[in-house]
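Q: Please take a close look with me at one part of this structure, and show me how it fits into the rest. I am new to this, so a friendly walk-through would be welcome.

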Amino acid sequence: MTKRFNLLTLVGLTLIIGLLPSCGGKPKTYSDCIAVDASIQPVIDEILPAFYNQRKLGPLYPIECSGEEAIEKLLKKEVYLAFTTRRLTKQEEKKLKDMTLNPRVKELAYDALALVINKENPDSIITIAQFKKILTGEITTWKELYPDSPYDTIRVAFDHPTSSTVQYCADSILKGEPMKTDGNMTAVLTPPEVVNYVENHKDAIGIVGSLWLDDRRDETSLTFNRNIKVMAVGPTPVFAVKPFQAYIATGQYPFYRTLYAICTDPRRSGPLQRLVNFCLSANEREGTGQLIFSRAGLYPALRDYQLRDVQVR
């Protein structure tokens with residue numbers, strides 16, 4: 001009887017553990033996990049150690065996924081916190097409230113969608129209208145942009161098919177127009193793979209979140225910033241700019257977006273809500289979350305910055 005009881009207990013515990021989501025390779029309850037849009041993963045990887053150090057709390061477990069998967073994990077109650085690049089829709093918000101979860105949405109910072117090309121490509125300026133036509137398939141070759149270009153077909157590399165970068169292109173750039181999804185369009189699954197694809201294809205344009213252009217976690221510099229350069233984008237070639245922090249702040253760079261924290265944790269003073277508060281902290285006493293976003297090249301949502309003209313002599 002004792003053996004039978006122990007066996008049933010063991011089977012029951014195994015089933016329970018198997019139902020819990022895996023976070024960072026360890027079985028944890030969803031109250032310990034965070035869904036993170038892969039396009040903004042680098043800055044969250046910087047936020048978490050600073051949060052642990054200042055708040056003296058135990059570790060949380062980020063799950064890197066696509067933007068849509070992050071929202072889906074919230075709706076399935078697999079996580080109580082998601083870092084995303086879009087807000088909830090009214091239908092998603094209603095679904096959470098129907099589950100007696102009250103979503104709290106906070107704007108954290110602003111980043112950009114960057115267009116990267118191989119360093120050997122001489123043509124690094126593109127207009128909004130031209131890029132839109134590339135996405136719809138109206139423009140498919142470099143010579144349609146630059147008659148003297150040494151390259152022919154434009155290869156376009158995204159990350160994941162359901163990523164926030166693809167969603168941004170569909171919603172904010174094309175605004176409902178159909179996007180070309182075959183032929184010269186390639187989904188390579190992760191932002192680092194987009195960069196690697198552009199390095200290995202001189203005729204490619206890669207689309208990545210600007211955070212992945214300067215990955216300070218890679219101390220050897222063997223992964224990023226080798227054989228790529230960033231395109232300048234604007235309404236006309238004269239007003240084209242690159243996704244620098246100042247141009248994100250002023251809106252001169254056209255492809256910018258908001259980073260959000262969406263928290264549904266019923267524990268209003270629990271570690272997940274404290275992490276959100278830390279992300280919004282803007283001074284030494286409260287925390288340095290907004291400063292971390294700034295140092296990562298993003299424009300923080302709450303810090304008061306002044307842009308000044310500087311004369312170089």
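A: Let's begin with a word we will need right away: a residue is buried when its relative accessible area is under 20%, exposed when over 50%, and partly exposed in between (1.4 Å probe, protein chains only). Two more ideas help with charge: Lys and Arg count as positive and Asp and Glu as negative, with His and the chain ends not counted, and a salt bridge is a side-chain nitrogen of Lys or Arg within 4 Å of a carboxyl oxygen of Asp or Glu.

What you see is a predicted model, where local features need pLDDT of at least 70 and side-chain atom pairs count only at pLDDT 80 or more, while totals for chains, interfaces and linings use all residues. Residues are numbered from 1 along each chain as its sequence is written, and side-chain values use heavy atoms, with hydrogens and water left out.

Our part is Asp 123, in the loop between β6 (104-118) and β7. Helices (H or I, at least four residues) and strands (E, at least two) are DSSP runs, numbered from the N terminus. Asp 123 is buried but has no salt bridge. The nearest side chain of opposite charge belongs to Lys 229, 7.9 Å away. What does surround Asp 123? Beyond its neighbours within four places in sequence, Asp 123 is in contact (heavy atoms within 4.5 Å) with Ile 117, Trp 142, Tyr 146, Ser 149 and Met 231.

How far can we trust this region? pLDDT is the predictor's confidence in each residue, from 0 to 100. Strand β7 (residues 125-127), which follows the loop of Asp 123, has the highest mean in the chain, at 97. Helix α1 (residues 2-19) has the lowest, at a mean of 37. The chain averages 84, and 81% of the residues score at least 70. Take care with residues 1-22, where pLDDT stays under 50 and the model has nine contacts beyond four places in sequence. Residues 217-224 also stay under 50, with 14 such contacts.

Now compare Asp 123 with another acid, Asp 111. Asp 111 does form a salt bridge, with Arg 257, and the closest N and O atoms are 2.8 Å apart. Asp 111 lies in strand β6 and Arg 257 in strand β13, so this pair ties together parts that are 146 residues apart in sequence. Asp 111 is buried, at 0% relative accessibility, and Arg 257 is buried too, at 4%. In general, side chains of opposite charge can pair when their charged atoms come close.

The structure holds 12 salt bridges, and a few of them share partners: Glu 68, Arg 86 and Glu 92 are joined into one network. Arg 86 meets Glu 68 at 3.0 Å, N to O. This pair links distant parts of the chain, with Arg 86 in the loop between β5 and α4 (90-98) and Glu 68 in helix α3, 18 residues apart. Arg 86 also reaches Glu 92, with closest N and O atoms 2.9 Å apart. Arg 86 and Glu 92 are both buried, whereas Glu 68 is partly exposed, at 26%.

Strand β5 (residues 81-84) comes just before that loop, and it meets strand β13, the home of Arg 257. Two strands pair if DSSP finds at least two bridges between them. β5 and β13 (residues 256-263) run antiparallel and are joined by four bridges, one of which has Ala 261 of β13 as the partner of Phe 83. Strand β3 (residues 33-37) pairs with β5 in the parallel sense over two bridges, with Ala 35 partnering Ala 82. Both faces of β5 are covered: Leu 81 and Phe 83 on one side, and Ala 82 and Thr 84 on the other, are all buried. In a regular strand the side chains alternate between the two faces of the sheet.

Strand β6 leads into the loop of Asp 123, and it is also among the elements that the buried residues of helix α7 (residues 191-200) pack against. The others are β8 (155-158), β9, β10 (204-209) and β11 (228-230). Those buried residues of α7 are Pro 191, Val 194, Val 195, Tyr 197, Val 198 and Glu 199.

Stepping back, the chain has 10 helices and 14 strands, and 46% of its 313 residues count as buried.
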